[in-house]
Amino acid sequence: MNGPPPVAGLVSEALVPVTDEEEWAAVSPRQITPEQWQQFEGYLKEIFGALGLPFGSAATADTPRRFLRALFDATSGYEGDEKLITAFETECRGGSDCRISQVIEGPIPFFSLCEHHSLPFFGRAYVGYIAHEHILGLSKLTRLVRLFARRFSMQERIGRQLAESLQQILQPHGVAVHLEAVHLCTQMRGVREIESSTRTVHWRGTYDEDPQLRAEFFTLCGQRGLAGHG
């Protein structure tokens, strides 16, 4: 049997609660011992077997192991991302009134697991901000989205965490976050809304105060694949 992925630290460390403002900087490596890995695989085999999965073929013999490792990888956001802490100075000069026009990145694909049913939800994120004294590398915006998405979470929480973390990292004039996602917990079970999608928006600073700025944000997002949002 293969051992667990090469990680360090304690599983319990990833469960220590921190505020939303601190979560972007949290680094809590997880570790599952070989003994735990074997134990968890045994539990999964028992559960999958009770649900009807046959284990008499080569295709399903390693399903519990593969499922557990896939779940571990899908929740890697609990381990943080040290590369997010780097911000850069802008070319902005002029004190508190200095501001750079909107910086918008998207669509940023994301995948997450609903904490209610542990079923996937996935979609696209659009992140915008009005810079003041600092900017963030564009790849860092993608990293930030993935950091919060790769956890057991809710769409509303991911959007709020993104907005509040960008506020703390950059101290910008404003932040905008738009998420559009499909939730398998509503498509595979329950009401089975096959065609539905969920959209959430979070504003901070000047975006919250200026409807024209919000309209511009949606227009720019629409040019990148969000038709109808204007």
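Two aromatic rings, from Phe, Tyr or Trp (its six-membered ring), count as a pair if their centres lie within 6.5 Å. By this criterion, the predicted model holds nine aromatic pairs. A pair of this kind is described by the distance of the centres and the angle of the planes.

A good place to start is the pair formed by W203 and F217. The ring centres of W203 and F217 are 5.8 Å apart and their planes meet at 80 degrees; planes over 60 degrees apart count as edge-to-face, so this pair is edge-to-face. The contact links distant parts of the chain, since W203 belongs to strand β7 (residues 198-205) and F217 to helix α8 (residues 211-222), with the two lying 14 residues apart. Both W203 and F217 are buried.

F217 also has a second partner, Y207. The rings of Y207 and F217 form an edge-to-face pair, with 6.0 Å from centre to centre and 75 degrees between the planes. Here too, distant parts of the chain are linked: Y207 sits in helix α7 (residues 206-209) and F217 in helix α8, 10 residues apart. Buried means under 20% relative accessible area, so Y207, at 0%, is buried. F217 likewise counts as buried, because its relative accessibility is 0%. Together with F218, the residues W203, Y207 and F217 form one aromatic cluster.

Charged side chains meet aromatic rings as well. R214 lies over the face of W203, a member of the cluster, at 5.9 Å from the ring centre. Another such arrangement involves K45, which lies over the face of F55 at 5.4 Å from the ring centre.

Key. Residues are numbered from 1 along each chain as its sequence is written. This is a predicted model: local features need pLDDT of at least 70, side-chain atom pairs count only at pLDDT 80 or more; totals for chains, interfaces and linings use all residues. Side-chain values use heavy atoms; hydrogens and water are left out. Rings of Phe, Tyr and Trp (its six-membered ring) pair if their centres lie within 6.5 Å; planes under 30 degrees apart count as stacked, over 60 as edge-to-face and the rest as tilted. Helices (H or I, at least four residues) and strands (E, at least two) are DSSP runs, numbered from the N terminus. Buried means under 20% relative accessible area, exposed over 50%, partly exposed in between (1.4 Å probe, protein chains only). A charge sits over a ring if NZ of Lys or CZ of Arg is within 6 Å of the ring centre and within 35 degrees of the ring normal.
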